[in-house]
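Subject: A structure for you to look at

Hello,

Here is the structure I promised to pass on. Please open it and keep it in view while you read.

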Amino acid sequence: MYDKEELCQKIKDIYPDIGECGINVDVDYDNEKKAWIVDLKKDQHELKTHLEPEDAETCMQGKQCIGLGLQIAQLKENIKSS
């Protein structure tokens with residue numbers, strides 16, 4: 001098992017443009033939902049998404065996190081259009 005700092009760092013490694021675009025990322029495990037909550041923020045824009053344990057494991061193995069990638073793209077689009 002891994003902790004939130006490891007998962008957060010792996011997400012930043014897979015998606016290096018998060019930091020370059022000024023997008024902050026935070027990760028916490030929700031015991032009730034049994035999923036990781038990934039919180040993406042930039043200025044007044046914010047998106048939260050769930051990362052199922054299987055998807056988190058795929059990320060930790062260095063593979064793409066498809067759902068998370070879509071959320072990052074959506075946040076970038078929201079920022080551009082504002």
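Below is what I found in it, starting with the sheet.

Keep in mind that this is a predicted model.

**The sheet**

Start with the strands. There are 3 of them in an open sheet, in the order β1-β2-β3, and the pairing is antiparallel. β1 (24-30) and β3 are the edge strands, since each pairs on one side only. On average, neighbouring strands of this sheet are turned by 20° against each other, ignoring direction.

Now the pairings. β1 and β2 run antiparallel and are joined by 7 bridges. Asp-30 stands opposite Ala-35 in β2. Strand β2 (residues 35-42) is also joined to β3 by 7 bridges, again antiparallel. There, Lys-41 has Glu-46 in β3 as its bridge partner.

**The helices on it**

Helix α1 covers residues 4-14 and packs on the sheet. It touches β1, β2 and β3, and its direction makes about 140° with that of β1. Helix α3 (residues 53-60) lies across β1, β2 and β3. Its angle to β3 is about 100°.

**Strand β3 and His-45**

Which side chains of β3 are buried, and which are not? They alternate along the strand. His-45, Leu-47, Thr-49 and Leu-51 point to one face and are buried. Glu-46, Lys-48 and His-50 point to the other face and are not buried.

Look at His-45 more closely. It lies in strand β3, which spans residues 45-51. His-45 has a relative accessible area of 14%, so it counts as buried. Its side chain makes a polar contact with the side chain of Gln-44, at 3.5 Å. Leaving out residues up to four places away in sequence, His-45 touches Leu-40, Leu-75, Asn-78, Ile-79 and Ser-82.

**The core**

In soluble globular proteins, nonpolar side chains tend to be buried together. What does that look like here? The largest nonpolar core has 21 residues. Those with the most contacts inside it are Leu-7, Ile-11, Tyr-15, Val-38, Leu-40, Leu-51 and Leu-68. At least two residues of this core come from each of α1, β1, β2, β3, α3 and α4 (66-81). The largest share, 4 residues, is supplied by α1.

Try Leu-68 as a way in. Not counting neighbours within four places in sequence, Leu-68 is in contact with Ile-11, Tyr-15, Val-38, Leu-40 and Thr-49.

**Aromatic rings**

A pair of aromatic rings is described by the distance of the centres and the angle of the planes. How many aromatic pairs does a search of the whole structure find? The search finds 2.

The rings of Tyr-2 and Trp-36 have centres 5.9 Å apart and planes at 25°, so this pair is stacked. Tyr-2 lies in the segment before α1, whereas Trp-36 is in strand β2, so the pair ties together parts that are 34 residues apart in sequence. Tyr-2 is buried, at 12% relative accessibility. Trp-36 is buried too, at 4%.

The rings of Tyr-29 and Trp-36 have centres 5.1 Å apart and planes at 70°, so that pair is edge-to-face. Tyr-29 counts as partly exposed, because its relative accessibility is 33%. Tyr-2, Tyr-29 and Trp-36 form one aromatic cluster.

**Two loop residues**

Most residues other than glycine have a negative phi, and most peptide bonds are trans. Two residues are worth a look with that in mind.

Take Lys-34. It lies in the loop between β1 and β2. Its phi is near 55°, a positive value in a residue other than glycine. Lys-34 has a relative accessible area of 54%, so it is exposed.

Then Asp-43. It sits in the loop between β2 and β3. These two strands form a hairpin with 2 residues between them, and Asp-43 in the turn has a positive phi of about 55°. Is Asp-43 buried or exposed? It is exposed, with a relative accessible area of 65%.

Best wishes

Notes:
Residues numbered from 1 in each chain as written. Predicted model: local features only at pLDDT ≥ 70, side-chain atom pairs only at ≥ 80, totals over all residues. Heavy atoms only, no water. Buried < 20%, exposed > 50% of the residue type's maximum accessible area, 1.4 Å probe, protein only. Polar contact = N/O pair within 3.5 Å; in protein donor to acceptor, adjacent residues only side chain to side chain. Contact = heavy atoms within 4.5 Å. Pairing = 2+ DSSP bridges. Axes fitted to C-alpha atoms, helices over the stretch in contact; angles between N-to-C directions. Core = buried A, V, L, I, M, F, W, Y, C linked by side-chain atoms within 4.5 Å. Phe/Tyr/Trp six-rings, centres within 6.5 Å; stacked < 30°, edge-to-face > 60°.
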